[in-house]
Amino acid sequence: MNVSQFRQRLKPWMLPIAMLGGLLFHNFIDAIAFIAPYLIFIMLLITFCRVKPREFRITRLSGILIAVQTLGAIAAYLALLPLSRELAEGTFICIFCPTATAAPVITGMLGGSVPRLATFSIVSNVTVAVLAPLLFTLMGSEADINFFESLTLIATRVVPLIILPLFTALALMHYMPKVHSTIASHQSLSFYIWAVSLFIVVGRAVSFIMSEPAEMIPEMLWLAALSLVACCGQFYIGRRIGRRCGDKIAGAQGLGQKNTVLAIWMALTYLHPIASVAPAAYVAWQNTINSAQLYFKTKRDAEKPNAAAKR
């Protein structure tokens, strides 16, 4: 077995290995957690280098997905509020949370449109940055929110991670085309960087959950269950919307793959702290789905040459 074959066989298992590693070594994650934003930056830079500027445009898909993301989150919150404020807030943040900055990477690996998903990722994150302070205030936030201060805090944590890699890719294409071309030709590196990022995120989520008192376990289990429903529902609805708009993969990843690190931070800052268990559990659910999708995609790709050879 050569190196290429080994990497091809290992690829479907990289995300489960990263999740298991984060679970087992969560006590040591704090020592390397600071590199997560840099990994996301590099990962997005590699992804954006394969996208041409004219391919960035807001389509019907982006409009429908952002409507589902915002209105669906509000509807879920209002439906669950009579039962429990904490359950309502946890489910709300799992739906309202913007698209993950790494979603274009997974979309590209699955064969979807990177430009479409990259465009929606920007739309999704900016929408959340604008609406979050207002919605959290209306929900009766745990924090005393000043609108413009909150807007600045959220925007400065989210937008640069998307905008700076994009501008860097455009600058490289204009001023250093050879470097741009070299980066664009190494798209597979994004996957392994994403695996390291996942290792860190899962480790931090596990550490947070284990720090909660034992009497909160039943409520945490309900939050985890509701986040599973929200995760599966969003991947399914996103795929249905995407199929109607010409790209079921971009639709599914755009609506289902969430920026859970940001979601946990927003829950801890603006909502009841226990609500953050829902996005923490969402980490496991969405990456289990991503792992399964990548596994079956790799399996199908491996079977195609064999099927062609038999003809």
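Which residues form a positive surface patch? The points below take this up first, then turn to the cysteines, the salt bridge and a nonpolar patch. The model is predicted.

1. The positive patch. Arg60, Arg240, Arg243, Arg244, Lys248 and Arg300 form a positive patch on the surface. Helix α10, which covers residues 217-244, gives the most to this patch, with three residues. Arg240 has its place in helix α10. With a relative accessible area of 39%, Arg240 is partly exposed. Patch members need over 30% relative accessible area, so the 39% of Arg240 is over that cut-off.

2. Disulfides. A disulfide is a covalent bond between the sulfur atoms of two cysteines. How many disulfides does a search of the whole structure find? The search finds zero. Two cysteines serve to illustrate this. Cys97 is in no disulfide, and the nearest cysteine sulfur, that of Cys94, lies 7.8 Å away. A disulfide needs the two sulfur atoms within 2.5 Å, so Cys97 and Cys94 do not count as a pair. Cys232 is in no disulfide either: the nearest cysteine sulfur belongs to Cys231 and is 5.5 Å away.

3. Cover of the two cysteines. Is Cys97 buried or exposed? Cys97 counts as buried, because its relative accessibility is 1% and buried means under 20%. Cys232, at 40% relative accessibility, counts as partly exposed.

4. The salt bridge. Side chains of opposite charge can pair when their charged atoms come close. The structure holds one salt bridge. Arg85 forms a salt bridge with Glu89, and the closest N and O atoms are 2.7 Å apart. The cut-off for a salt bridge is 4 Å, so the pair of Arg85 and Glu89 qualifies.

5. Setting of the salt bridge. Where do Arg85 and Glu89 lie? Both are in helix α4 (residues 85-96), four residues apart, which is about one turn of the helix. Arg85 is partly exposed, with a relative accessible area of 29%. Glu89 is buried, and its relative accessible area is 0%.

6. The nonpolar patch. Leu20, Leu23, Leu24, Phe25 and Phe28 form a nonpolar patch on the surface. Together these residues have about 540 Å² of accessible area. One of them, Phe25, is found in the loop between α1 (3-24) and α2 (36-48). Phe25 is partly exposed, with a relative accessible area of 44%. This value is over the 30% that a patch member needs, so Phe25 meets that condition.

Key
Residues numbered from 1 in each chain as written. Predicted model: local features only at pLDDT ≥ 70, side-chain atom pairs only at ≥ 80, totals over all residues. Heavy atoms only, no water. Patch = residues over 30% accessible without salt bridge, like charges linked within 9 Å, V, L, I, M, F, W, Y side chains within 5 Å. Areas by Shrake-Rupley, 256 points an atom, 1.4 Å probe, with all protein chains shown as cover. Salt bridge = Lys/Arg side-chain N within 4 Å of Asp/Glu carboxyl O. Lys, Arg positive; Asp, Glu negative; His and termini not counted. Charge placed at Lys NZ, Arg CZ, Asp CG, Glu CD. Helix = DSSP H or I, 4+ residues; strand = E, 2+ residues; numbered from the N terminus. Buried < 20%, exposed > 50% of the residue type's maximum accessible area, 1.4 Å probe, protein only.
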